[in-house]
Number of protein chains: 2
Amino acid sequence: MRQKNFGLLLYLAQKCGLNNKCETSTIELSHEFNCSQQTISRKLRELQESGFIERNPSFAGTELMLTQKSASLIKNHVNQLQKVLSSNANALNLTGKVSSGLGEGNYYMSLPQYIKQFEKNLGFKPFPGTLNFKTNQFELEEFSKKLPLIEIKGFKDKKRTFGGLKCFKVRLQNYDDLALIIPNRSSHKSNTGELIAPDYLREKFKLKNGSRIKITA
Amino acid sequence: MRQKNFGLLLYLAQKCGLNNKCETSTIELSHEFNCSQQTISRKLRELQESGFIERNPSFAGTELMLTQKSASLIKNHVNQLQKVLSSNANALNLTGKVSSGLGEGNYYMSLPQYIKQFEKNLGFKPFPGTLNFKTNQFELEEFSKKLPLIEIKGFKDKKRTFGGLKCFKVRLQNYDDLALIIPNRSSHKSNTGELIAPDYLREKFKLKNGSRIKITA
DNA sequence: ATTACTAAGTTCCGAGTAC
DNA sequence: TGTACTCGGAACTTAGTAA
């Protein structure tokens, strides 16, 4: 919506239909719409000036009809809301705010032993760097719990031990070569999520620190 | 609709979905909704006080979620509009204002030669009297043109000639034992339609002179 | 009976600012 | 960074009327 007098327009659509002429009057409408006759008079004029309705004086009031412009607007409005009702009803998602890349992930992404496992398990060669985002710790846990787990194993070399990490395939808008990674023993705060992908996500999605992102399952 | 801040609520539904928590802030929303941070702040409080959203302060802003009350309201809103889009898209109708019974029809309804034809062609015995309504002359013609014609024949007795009339089955709300009659040579103004039915319509539908009616095909 | 103008009353918005 | 308060002005509504 975001259109002046849209509420009245919707009411008129329900009263008159989209392609019908409708005999009514400002007084009648004011009773039905719970406002004054003067307000209806003004609103009808505004709707007419904006090309949303057509009016003709009639034997006792006004004959009015919604224009094609109104029909399009209303159809569009309904379509948008239908999407919300259907797709979003049970869609899993997680929102957060892009933050600077201090996560552990960047380190993992430089080690061939990890990279090989990513390639094998995710089907893409990850970009050398992670996109970090701050989110709600509890939500992050709940979100990842509901997704199929891809386990990336840790390993040892002569000097030290490298920990394993959890990995989950997710989506960002329509982009689905994307995985959320959560180190098994992370040293940074767990309100941060890390994303890996074959592309440089900051560039691809024009992201800056503070940009809001919404990842879905 | 007719609900305060409904516009913002719809926006939030599109942004956050119906069952999801959503990380955002008053500033972010103010940019997206084209108003000030203060206005969003107030509107969110109002929505919260009315039980349409729930909010929790979060690491950098607010986590918000629509309540079940919002979901119901929005679903209802969409349902109503869907009805408009589907049923009303090509529904034929005619609106008018009940007027006093000075039409010719009352006379016809008293003559057995006509009554027999009505019974045969319409399947009901008409109430002795017509319900007259004023409407737009052109609309009346256009409406009746699109309906199947039932012809009621005129006749002669020793004294004079009685003219024929056109008859069309129509509906008033869910009531469909109803016919619109148009005398072939009418003496009254043709912006008046006449309805016959087995019942006394004024009583059945609590109609007075001036009441608006909408008949459909 | 309408519609619509003006003027006054009311609501709403946002800049400034506190926290 | 955030949210939310105050308050002056803008926007909207309506009573009284004219046409």
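I count a residue as near a strand if one of its heavy atoms lies within 4 Å of that strand. I note at the outset that this is a predicted model.

Entry 1, DNA strand C. I looked up the residues around DNA strand C and found 17. The closest are T26(A), R45(A), Q38(B), T39(B) and R42(B). I then checked which part of the strand faces the protein: sugar and phosphate make up 59% of the atoms of DNA strand C that come within 4 Å of the protein.

Entry 2, classes and elements. I sorted the surface near DNA strand C by class and got 10 polar, 5 charged and 2 nonpolar residues. I also looked up where these residues sit. In chain A, α2 (26-33), α3 (37-49) and β3 (61-66) each supply at least two of them, as does α3 of chain B.

Entry 3, individual distances. I looked up R45(A) and found a side-chain N or O atom 2.6 Å from a phosphate oxygen of DNA strand C. For T39(B), a polar side-chain atom is 2.5 Å from a phosphate oxygen of the strand. Q38(B) has a side-chain N or O atom 2.7 Å from a base nitrogen of DNA strand C.

Entry 4, helix pair in chain B. I looked up α2 (residues 26-33) and α3 (residues 37-49) of chain B, whose axes come within 8 Å and cross at roughly 105°. The two helices are therefore roughly perpendicular to each other. From α2(B), the residues T26(B), I27(B), L29(B), S30(B) and F33(B) meet Q37(B), I40(B), S41(B) and L44(B) of α3(B). I classed the residues of this contact as 5 nonpolar, 4 polar and no charged.

Notes: Residues are numbered from 1 along each chain as its sequence is written. Chains are lettered from A and ligands numbered from 1 in the order in which they are written. This is a predicted model: local features need pLDDT of at least 70, side-chain atom pairs count only at pLDDT 80 or more; totals for chains, interfaces and linings use all residues. Side-chain values use heavy atoms; hydrogens and water are left out. Axes are lines fitted to C-alpha atoms, for helices over the stretch in contact, and angles run from 0 to 180 degrees between N-to-C directions. Angles under 35 degrees count as roughly parallel, over 145 as roughly antiparallel, 65 to 115 as roughly perpendicular and the rest as oblique. Contact means heavy atoms within 4.5 Å. Ala, Val, Leu, Ile, Met, Phe, Trp, Tyr, Cys and Pro count as nonpolar, Asp, Glu, Lys and Arg as charged, and the others, Gly among them, as polar. A polar contact is a pair of N or O atoms within 3.5 Å; within protein, one must be able to donate a hydrogen and the other to accept it, and residues adjacent in sequence count only if both atoms are side-chain atoms.
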